[in-house]
Amino acid sequence: MNCKKYILAFSSLLFIMISCSNSSGTKTPAADGNAAENTVRPQIVFNADSAYSYVAAQCDFGERVPNTSAHRRCGDYLSSELRRHGAKVTEQKMTLTTFDGTKIEARNIVGEYYPEKQRRILLLAHWDCRPWADNDPDPAKRRQPVMGANDGASGVGVLLEIARILSENEPEMGIDILFTDAEDWGDSGAGDDSSWALGTQYWTENPHRKGYQYPSFGILLDMVGDRNAKFLKEYFSVQAAGNIVEKLWATAASLGYDNYFIDTQGGAMTDDHVFLIRAGIPCVDIIDQRMDSDTGFCPQWHTTSDTMRHIDRNTLEAVGQTVVTMLFGK
């Protein structure tokens, strides 16, 4: 199966590689409809309605494919929202060459919170859309662009709501929010991962400002909005940042979100975090994995059906509240 990311599933010691609001902040119903018990009430509440509106706002621009007007206008919007929420913003503009020889005008957007703090955490998500829906069940639609409501916009929407929270609450460590570009213009048939996450690769080689010190660790959000999302412990994340994985999943369980954050080993993904890990930054990938599907992802992945119809506030809350609670140690 040719896909954007690679899944390494473990079954009977056989490695199988597949290439490729409840906005109250208290409890989220478990998958069987029963409320989770013994949950912790967070002191800093993540607003899932706000995150949902941020996802929708990105989709309102259209498909954010590099070299399009929708992409440029959405990039301006993301920068302005980070500034509105008090971040020190740097736009890292670059011309990149994709695997098929296309020259694209790309832009990483970095928002720094409490830049005077030496110890830092990096939160990131990609904001671009795949130029073609190569996994669409309808062959006639496979050259159409992907809206990317889940694959891209959901992670960015969660981080914009976290940006609002950071403008009003100071954590112990400094926080950098990175919106990476050109993640999704990759070759699904390639035998290596170099055609993916071009913006992240550029950032690791060319930090956004002189003297920037790498963060202690990173948390990547990718495809965090589907109503049936299952976040397994991604393989490379466990290898590089196992202590952070355990803390995140334990935090989710304490909040009653263990129906989303599944306490089991998942696959190995080629995603933005891989290039951070290679650069020496431990990073966790919170990503929806469906090990029982043909692709390893939700049915809308890399199709024209990746729209707001499938975005769920409860899932956004589970991810956002987990990350916020961990950041503030509550």
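Which residue does the side chain of Lys233 meet in a salt bridge? The partner is Glu246, with N and O 3.1 Å apart. Lys233 lies in strand β8 (residues 231-233) and Glu246 in helix α5 (residues 235-254), so this salt bridge ties together parts that are 13 residues apart in sequence. The two ends sit in unlike surroundings: Lys233 is buried, with a relative accessible area of 8%, whereas Glu246 counts as partly exposed at 42% relative accessibility. Please keep in mind as we go that this is a predicted model.

Let us stay with helix α5 for a moment. A straight helix of 20 residues would span 28 Å at 1.5 Å a residue, yet α5 spans only 23 Å between its end C-alpha atoms. Along the helix there is a kink of about 115°, and its centre is Ala241. Ala241 is also one of the buried residues of α5, a list that includes Ile244, Val245, Leu248 and Trp249. Where do the buried residues of α5 pack? Their contacts are with the strands β7, β8, β9 (261-265) and β10, and with the helices α6 (272-278) and α7 (313-328).

Strand β7 (217-222) is a good way into the sheet. Six of the six residues of β7 are buried, so the strand is largely enclosed by the rest of the structure. Both of its faces are covered: Phe217, Ile219 and Leu221 are buried on one side, and Gly218, Leu220 and Asp222 are buried on the other. Which strands pair with β7? Strand β5 (120-126) runs parallel to β7 and is joined to it by four bridges, among them the one between Leu123 and Ile219. Strand β10 (residues 283-287) also pairs with β7 in the parallel sense, over five bridges; here Asp222 has Ile287 as its bridge partner.

Stepping back, six strands form an open sheet with mixed pairing, in the order β3-β4-β6-β5-β7-β10. Strands β3 (88-97) and β10 stand at the edges, each with a single partner strand, so one side of each is left without a neighbour in the sheet. From one strand to the next, the twist averages 20°. At the β3 end, the pairing with β4 is antiparallel and counts ten bridges; in this pairing, Glu91 has Ile109 of β4 as its bridge partner. Strands of a sheet pair through backbone hydrogen bonds, either parallel or antiparallel.

Helices lie on this sheet as well. Helix α2 (residues 69-84) lies across β3, β4 and β6, running at about 10° to β4. Helix α4 packs on the sheet too, touching β3, β4, β5 and β6, and its direction makes about 115° with that of β3.

Now back to charged side chains. A search of the whole structure finds 16 salt bridges. Side chains of opposite charge can pair when their charged atoms come close. Within the sheet, Arg120 forms a salt bridge with Asp176, the closest N and O atoms being 2.9 Å apart. The pair links distant parts of the chain, with Arg120 in strand β5 and Asp176 in strand β6, 56 residues apart. Are these two residues buried or exposed? Both Arg120 and Asp176 are buried.

Loops take part too. The side chains of Glu170 and Lys117 meet in a salt bridge, 3.0 Å from N to O. Glu170 sits in the loop between α3 (149-168) and β6 (174-180), and Lys117 in the loop between β4 (103-113) and β5, 53 residues apart. At 19% relative accessibility, Lys117 counts as buried because the cut-off is under 20%. There is also a network of salt bridges, which links Asp76, Glu91, Lys93 and Arg107.

Finally, two backbone details deserve a look. Most residues other than glycine have a negative phi. In Ala182, however, phi is positive, near 55°. This residue is in the loop between β6 and α4 (198-205), and at 0% relative accessibility Ala182 counts as buried. Met223 likewise has a positive phi, of about 60°, although it is not a glycine. Its place is in the loop between β7 and β8, and Met223 is buried, with a relative accessible area of 1%.

Definitions and conventions: Residues are numbered from 1 along each chain as its sequence is written. This is a predicted model: local features need pLDDT of at least 70, side-chain atom pairs count only at pLDDT 80 or more; totals for chains, interfaces and linings use all residues. Side-chain values use heavy atoms; hydrogens and water are left out. A salt bridge is a side-chain nitrogen of Lys or Arg within 4 Å of a carboxyl oxygen of Asp or Glu. Helices (H or I, at least four residues) and strands (E, at least two) are DSSP runs, numbered from the N terminus. Buried means under 20% relative accessible area, exposed over 50%, partly exposed in between (1.4 Å probe, protein chains only). Two strands pair if DSSP finds at least two bridges between them. Axes are lines fitted to C-alpha atoms, for helices over the stretch in contact, and angles run from 0 to 180 degrees between N-to-C directions. Contact means heavy atoms within 4.5 Å. The expected span of a helix is 1.5 Å times one less than its number of residues. The bend at a residue is the angle between axes fitted to the seven residues ending there and the seven starting there.
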